[in-house]
Amino acid sequence: MHQLIKHFIFILFISFSLASQAQDHDLAIIPKPFSYEKVAASFLVHQATAIQTDEKSNAQAAYYFQNEVLNATGLSLGIKKTALNNVISFKLVPLKSKENHFYQIKMTFQKVEVTAATEEGLFRGAASLLQVLKQSKNANGTYTLTCWNITDKAFFEWRGLMLDESRHFFGKEKVKQILDWMAFYKLNKFHWHLTDQPGWRIEIKKYPRLTTVGGVGSYSNANAKAQYYTQEDIKEIIAYAANRFIEVIPEIDMPGHATAANLAYPQFSGGGSPKYPEFTFNPAKEGTYQYLTDILKEVNVLFPSQKIHIGADEVHFGNQHWNVDADVQKLMKEKNFTSLKEVEHHFLYRMGDSILKMDNEILAWDEVVDSKLPVAQTTVFWWRHDKPEVLKQALVKGFKTVLCPRLPLYFDFVQDEKHQIGRKWDGKFVTIEQVYQFPNQDILSLEGAAKLVQGIQANIWTESISTENHLDYMLFPRITALAEAAWVKPDAKDYTLFKQRLNVHLRYFGESGLYYFHPFLPEKFQEFQGPVQRKKQSTNTDDLTKQEKGL
């Protein structure tokens, strides 16, 4: 016991020392800026400090900074068009750099200037300045900021996070909280997995049963009341994300993972298999294509991203019924198809054509690499880490590609060898260091990667995640490693220095009330006890056990 206490004290000492080093000797911004230098000066923020904008800017970055300062410090700083001293300025200026995310910060004891050529650049600068403020020393309602000169830009354009809300639904406020943290860490793509087997989570006015029937249930309770986002909810969240320069991309799964939709409108079902009943849409009925196109037309109106992710993965799990479906067999005979894979590709081509006619880009999982989807208008999401040949094939064919392999970018995988609630792959799990070090040079040096790899994305599947606290536990602090892996040039990453900065940010999670995993003190917050289990028959959601609720 004595040795255990000594060991615990030693770990605390090391953690405190690392945090102190990060604050005293380095800039504890995550993701690490492209270049920065310390200035021998301090800038004082107090109630009379002004935020200044110019007439060219729409002040979006300034409003964000103003509100976040109020949340963090209680100071209500005013926005003014002119100010001389003790001013924080956001200004659009002509710059040689063409990157939307490029920005510069210059600080003196009198003035802080954030400059960029774009509104997004100003916003990324505001996020960095906010982190400098949060690290400042405060006394009597004033905050003393260490001065830095910063020049910054992102390595990857696509810096994404996917949330699965079909299996478990978390709601508007949780999504907004996640968007806040994404903005704080300069992530810019929110991939929203809204439909799958357990539930349909987006209102489609032409087909109301999709939510009233298809929205019933979750992965852990098939009889849970219907939960979904109304179209007004969707608009609200998209606007919230847009104010943080985050693009929201919807995923409407097809032709597989269609069980919830088929419960609502069985006339469009293509059947399934014993393990995956009613898993597919019917690829041989003309009505199916009109039905799904009608759905995607409403999705297109709601989401300004001009991108629709159609899933298109794991169709073979539940297309067994196609072998005996009269319409499918007739289609195969007419088209001279010799396999169900050709039927699948026929479906993808038809629906891809509908998406292109809406002037949208087609997004899909990596199973579509060998389909006939148009290369120039399709982005592939490489998720099967055990199939590197599929990534190579995607690049050789010329597909734009987002990297999101299970290992190390599936955040439903556990993050410590002692953890049990979540996934493993042959005993392997996903540590924060593995996230940080991705992608390696083997991937980046593949033929075509420099031009075609758009970026990286972490995916949070929620079969084993049913509560907000558990969601936080799996996301934090791995979101920080994701952010730095996406933003920082690979040869500029340094995991040792990252850990020093991370110690500072762990404090932010605690202050925000998040239930997070502490990678340096793994026992600080215990893993959730008991896995989520599929409850197939229940007439009362109160019958859920504590284990099933994740408590």
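**Exercise 1. Follow the strand pairing around the barrel.**

Solution. Strand S14 (residues 307-311) and strand S15 (residues 361-365) pair in the parallel sense over three bridges, where two strands count as paired if DSSP finds at least two bridges between them, and where strands (E, at least two residues) and helices (H or I, at least four) are DSSP runs numbered from the N terminus. Within this pair, Ile 308 stands opposite Ile 362 of S15. The model is a predicted one, in which local features need pLDDT of at least 70 and side-chain atom pairs count only at pLDDT 80 or more, while totals for chains, interfaces and linings use all residues. Residues are numbered from 1 along each chain as its sequence is written, and side-chain values use heavy atoms, with hydrogens and water left out.

The next step is to move to S11, which runs parallel to S14 and is joined to it by two bridges; here Glu 251 has His 309 in S14 as its bridge partner. S11 also pairs with S10, in the parallel sense and over five bridges, and Lys 189 finds its bridge partner in Glu 247 of S11.

The whole closed order is S9-S10-S11-S14-S15-S16-S17-S18, a barrel of eight strands with parallel pairing. Neighbouring strands of this sheet are turned by 30 degrees against each other on average, direction ignored, with axes taken as lines fitted to C-alpha atoms (for helices over the stretch in contact) and angles running from 0 to 180 degrees between N-to-C directions.

**Exercise 2. Check the length of helix H6 and locate its buried face.**

Solution. Begin with the span: the 12 residues of H6 (residues 231-242) should cover 16 Å at 1.5 Å a residue, and the end C-alpha atoms are indeed 16 Å apart, the expected span being 1.5 Å times one less than the number of residues.

Then list the buried residues, which are Gln 231, Asp 233, Ile 234, Ile 237, Ile 238 and Ala 241; buried means under 20% relative accessible area, exposed over 50%, and partly exposed in between (1.4 Å probe, protein chains only). Seen down the axis of H6, these residues fall within an arc of 150 degrees, so they line one face of the helix, the arc being that of the directions from the helix axis to the C-beta atoms.

Finally, identify the partners: the buried residues of H6 pack against helix H4 (172-184), strand S10 (189-193), strand S11 (247-254) and helix H8 (286-302), with contact meaning heavy atoms within 4.5 Å. Of these partners, S11 is mostly covered, since seven of its eight residues are buried.

**Exercise 3. Describe the largest nonpolar core and one of its members.**

Solution. The largest nonpolar core has 160 residues, and those with the most contacts inside it are Trp 192, Ile 202, Leu 210, Tyr 291, Ile 295 and Phe 303; such a core is a set of buried Ala, Val, Leu, Ile, Met, Phe, Trp, Tyr and Cys residues joined through side-chain atoms within 4.5 Å. Leaving aside residues up to four places away in sequence, Trp 192 touches residues including Ile 234, Ile 237, Glu 251 and Phe 303. Apart from the largest core lies another, of eight residues, among them Trp 322, Val 328, Leu 340 and Val 343.

**Exercise 4. Is Ala 48 buried or exposed, and how far apart in space are Ala 48 and Trp 192?**

Solution. Ala 48 sits in the loop between strand S1 (35-45) and strand S2 (50-53), and at 58% relative accessibility Ala 48 counts as exposed. Ala 48 and Trp 192 are 41 Å apart, C-alpha to C-alpha, and 144 residues apart in sequence.
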